[in-house]
Amino acid sequence: DTVLAAVKLGVGSATGSHALISDGLHSCADIFSSLVVLFGSVLSRRSGKGRISPEKAESASLFILSFLLGTTGLFIGITGLSEIFGFSDCEVRTPPTYALCVSLFALATKELMFFVTMKTAKRENDDILLANAWHHQSDALSCLGSFGGILMARLGFPKFDPIASIVICIFIMKTAVGIFSKAASRSAKSEKQEAERVQNKQNYH
C-alpha cells in the first residue's frame with residue numbers, strides 16, 4: 001500500500017492525472033486501515049491487563065476503518081466535482097501512456113492482495129481481515145475506474161479523468177457503509193451478549 005500510494009501520487013502529480021491522485025489518496029487510507037486491522041488483531045490476542053475482547057476489538061477496528069474510508073471517499077468526490085465543474089484552478093490535462101500502465105499495475109496488485117487476504121481471513125475465521133479483504137476488492141474496482149478514466153482521456157475525452165475520481169468515490173463510500181453496517185451489527189450483538197452475561201451472573205448470586 002505504501003509503495004502503491006507513493007507511485008500513484010508521484011505519477012499522478014507529474015502527469016496531472018486526477019484519477020491517479022485520487023487513487024493514491026485511497027492507497028494512503030489503505031495504509032492506515034491496515035494499521036487499524038493490525039492493532040485490532042494484536043489487542044484481541046493479548047493476555048492480561050491490556051487485553052480486550054475479540055468482539056470489542058473487531059467492532060472498534062471496523063468503525064475506525066469505515067470512518068477512514070468514508071472521509072477519504074468524500075474528499076475524493078468533492079475534489080473530482082470541483083475539477084469537472086471548473087471550481088478548481090488546476091488544468092485538466094491528458095495523462096501520458098505510462099500513467100495508464102501505473103493504473104493497470106495497481107489493479108493487478110490489489111487483486112493479488114484481495115486474494116491473499118481473503119484466503120487468510122477464511123482460514124483464520126477473522127472478520128477484521130475479511131473486511132480488509134473486501135476493502136482490497138473495492139480498491140481494485142477503484143483502480144479499474146482510474147484505468148478507465150485515464151484511457152478515455154487518452155482517447156480524447158480529458159474530462160473522463162476527473163470523472164473517474166467520482167467513480168472511485170462511489171466505490172469507497174459503498175465499502176465504508178458496508179463495513180460500518182457490519183461494525184454496528186457486531187457491536188449490538190456484543191452488547192446484548194454482555195448484558196445477558198451480567199444478568200445471568202446476578203441471577204446466579
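## Surface and overall build

About 11100 Å² of the chain is exposed, and carbon and sulfur atoms supply 68% of that area. Keep in mind as you look around that this is a predicted model. Of the 205 residues in the chain, 42% count as buried.

The secondary structure is easy to take in: six helices and zero strands. Walking along the sequence, you meet the pattern α-α-α-α-α-α. Among contacts between residues at least 6 apart in sequence, 77% join residues that are at least 24 apart.

## Helix α5 and what follows

Helix α5 covers residues 127-154, and its length can be checked with a little arithmetic. With 28 residues at 1.5 Å a residue, α5 should span 40 Å; its end C-alpha atoms are 40 Å apart, so the expected and modelled values agree.

After α5 comes Gly 156, whose phi is positive, near 110°. Phe 157 sits in the loop between α5 and α6.

## The nonpolar cores

As a general point, nonpolar side chains in soluble globular proteins tend to be buried together. Here, the largest nonpolar core has 11 residues: Leu 62, Leu 65, Leu 69, Ile 76, Ala 131, Ile 168, Cys 169, Ile 172, Ala 176, Ile 179 and Ala 183. Two helices, α3 (54-84) and α6 (160-204), each supply at least two residues of this core. The most comes from α6, which gives six residues.

For a close-up, try Ala 183, a member of this largest core. Leaving aside residues up to four places away in sequence, Ala 183 touches Ser 59, Leu 62 and Phe 63. Apart from the largest core lies another one, made of eight residues, among them Leu 20, Val 102, Ile 150 and Ala 164.

## A nonpolar patch on the outside

Nonpolar side chains also turn up at the surface. Leu 151, Leu 155, Phe 157, Phe 160, Ile 163 and Val 167 make a nonpolar surface patch of about 490 Å². Helix α6 provides the largest share of the patch, with three residues.

Is Phe 157 buried, partly exposed or exposed? Its relative accessible area is 44%, so Phe 157 is partly exposed: buried would mean under 20%, and exposed over 50%. Phe 157 is thus a loop residue between α5 and α6 that also belongs to the nonpolar patch.

Helix α6 is a good place to finish your tour: this helix gives the most to the largest core, and the largest share of the nonpolar patch comes from α6 as well.

Methods:
Residues are numbered from 1 along each chain as its sequence is written. This is a predicted model: local features need pLDDT of at least 70, side-chain atom pairs count only at pLDDT 80 or more; totals for chains, interfaces and linings use all residues. Side-chain values use heavy atoms; hydrogens and water are left out. Helices (H or I, at least four residues) and strands (E, at least two) are DSSP runs, numbered from the N terminus. The expected span of a helix is 1.5 Å times one less than its number of residues. A nonpolar core is a set of buried Ala, Val, Leu, Ile, Met, Phe, Trp, Tyr and Cys residues joined through side-chain atoms within 4.5 Å. Buried means under 20% relative accessible area, exposed over 50%, partly exposed in between (1.4 Å probe, protein chains only). Contact means heavy atoms within 4.5 Å. Patches are made of residues with over 30% relative accessible area and no salt bridge: like charges are joined within 9 Å, nonpolar side chains (Val, Leu, Ile, Met, Phe, Trp, Tyr) within 5 Å. Accessible areas come from the Shrake-Rupley method with a 1.4 Å probe; for residues, only the protein chains shown count as cover. A salt bridge is a side-chain nitrogen of Lys or Arg within 4 Å of a carboxyl oxygen of Asp or Glu.
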